[in-house]
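Visitor: Hi, I'm new to this one. Could you walk me through it?
Guide: Happy to! Let's have a look together.

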2 protein chains.
Amino acid sequence: MSLRHAALGLLSEGPASGYDLMKMFEVSLANVWPATQSQLYAELGKLADAGLVSVAAEGPRGRKEYAITEEGLAELRHWITDVEPVRTMRSEMLLRVFFLAQVDPQQAKEYLRRQSEIAAKSLEQMESIKDFVESGQDNLSVFGRLALEYGLRVGTTQRQWAEWAEGQIR
Amino acid sequence: MSLRHAALGLLSEGPASGYDLMKMFEVSLANVWPATQSQLYAELGKLADAGLVSVAAEGPRGRKEYAITEEGLAELRHWITDVEPVRTMRSEMLLRVFFLAQVDPQQAKEYLRRQSEIAAKSLEQMESIKDFVESGQDNLSVFGRLALEYGLRVGTTQRQWAEWAEGQIR
DNA sequence: CTACGACGTTCCTATGTAGACATGTCGAAG
DNA sequence: CTTCGACATGTCTACATAGGAACGTCGTAG
């Protein structure tokens, strides 16, 4: 149900088409809430039906520019401040950890080392994104940097944990 | 597709009924891979069809005791060592952060403070679980403690991040 | 001996997610 | 004037997830 609010949130920065939104999406929100193009278009349709967004203009190639409505903005604010975030942590990586006794210690260690490497790689990638968005002064960039910092910190924690855990084996 | 392996993993510790598994599940794996009872039962059926588990015994009340087969064990090991974990990070909490510009700074700060409190509370809860499982020497407990340590570390990071982020507003 | 809590499975519906596919238009480069 | 990449929307299927309802049985405390 959050894709709905992701779309509203992007539109709160200004009118855009589904195509535009998808591009914005890929470089920002997709990291915290993945979604496909088909989901996004479908959601925009429902949002329009519900009156939370309106079709502000139609352009070439059937382009529909959506704009958030007052109701949409109200819904977005309400969601941010009044609705408890559902926190369902889902991690295949951790799930495997529970079963590491089923492979031999050497393989278990390898698994954890691999996770540490993956975390390191993802940190690198986030660092480069950081350099890239450092300059943006729009709302999404400013607050996106907070989210990025979260990723950086959690990634570091994860890397350290994986190294520690590897040492725990045997 | 991971619930399948969660079930296999639990059965790798010994035969059990769906009901048994569900209880084990709730106190361990549910924290890293939530699932409902209906999902679990359905999965056990499919697993049996696929020959990865077998019905080892039938008990009172239609109880079916499932046991992992050689094929199942092989599949579990293969999954742990050879299959790249899919890492789809999904966080409503972070999604909201992107849109914090839409509420006033005071509310944004409150939101972040709230997240810090939630992290603190979840840390407390994990600490009490920690005391509880400290003694277990079975595989699930031993490796579960690694997963728990992950939760503890990430929770701490999250709390600190939220406090930092709150300070960044305005 | 009966009521009740724990045991135990199965079915159902709604919604979300993943990913591919179909369809077509516009603008610019050659 | 053709072709091609970017633009742009929409449909379809399969599977996963969420949550609840229905149904019945066993063991035991009173």
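Visitor: At roughly what angle do the axes of α1(B) and α3(B) cross?
Guide: Before the answer, one thing to keep in mind: this is a predicted model. The axes of α1(B), residues 2–11, and α3(B) cross at roughly 80° and come within 10 Å.

Visitor: And what do you call that arrangement of α1(B) and α3(B)?
Guide: The two helices are roughly perpendicular to each other, because angles from 65 to 115 degrees count that way.

Visitor: Which residues make the contact there?
Guide: From α1(B) you have B:L3, B:R4 and B:A7. On the α3(B) side, the contact is made by B:Q39, B:L40, B:E43, B:L44 and B:L47.

Visitor: How do they divide into nonpolar, polar and charged?
Guide: In the contact of α1(B) with α3(B), 5 residues are nonpolar, 1 is polar and 2 are charged.

Visitor: Let's switch to the DNA. Which residues come nearest to DNA strand C?
Guide: Both chains appear in that list: A:S38 and A:P60 from chain A, and B:G18, B:Y19 and B:S38 from chain B. They are among the 23 residues around the strand.

Visitor: Which elements give two or more residues to that surface?
Guide: Chain A has α3 (37–49), while chain B has α2 (18–27) and α3 (37–49). The largest share comes from α3(B), with 4 residues.

Visitor: What about the classes of residue near DNA strand C?
Guide: That surface has 11 polar, 7 nonpolar and 5 charged residues.

Visitor: Now the two chains. How many residues does the contact take from each?
Guide: It takes 49 residues from chain A and 49 residues from chain B. On the chain A side, the elements that give two or more residues are α1 (2–11), α4 (70–82), α5 (92–98), α6 (105–133) and α7 (139–168).

Visitor: Which element has the largest share of that side of chain A?
Guide: That would be α7(A), which gives 14 residues. By class, the chain A side divides into 28 nonpolar, 14 polar and 7 charged residues.

Visitor: What rotation superposes chain A on chain B?
Guide: A rotation of 180°, with 0.0 Å of shift along its axis, and the RMSD is 0.1 Å. That is the relation of a two-fold axis. The same surface serves both copies, as 100% of the contact residues of chain A recur in chain B.

Visitor: Which residue of chain A comes closest to the rotation axis?
Guide: In chain A that is A:V154, with its C-alpha at 3.1 Å from the axis.

Conventions. Residues numbered from 1 in each chain as written. Chains lettered and ligands numbered in written order. Predicted model: local features only at pLDDT ≥ 70, side-chain atom pairs only at ≥ 80, totals over all residues. Near = placed C-beta within 6 Å. Nonpolar A, V, L, I, M, F, W, Y, C, P; charged D, E, K, R; others polar. Contact = placed C-beta atoms within 7 Å. Least-squares fit on C-alpha atoms with pLDDT ≥ 70 in both. Axes fitted to C-alpha atoms, helices over the stretch in contact; angles between N-to-C directions. Parallel < 35°, antiparallel > 145°, perpendicular 65-115°, else oblique.
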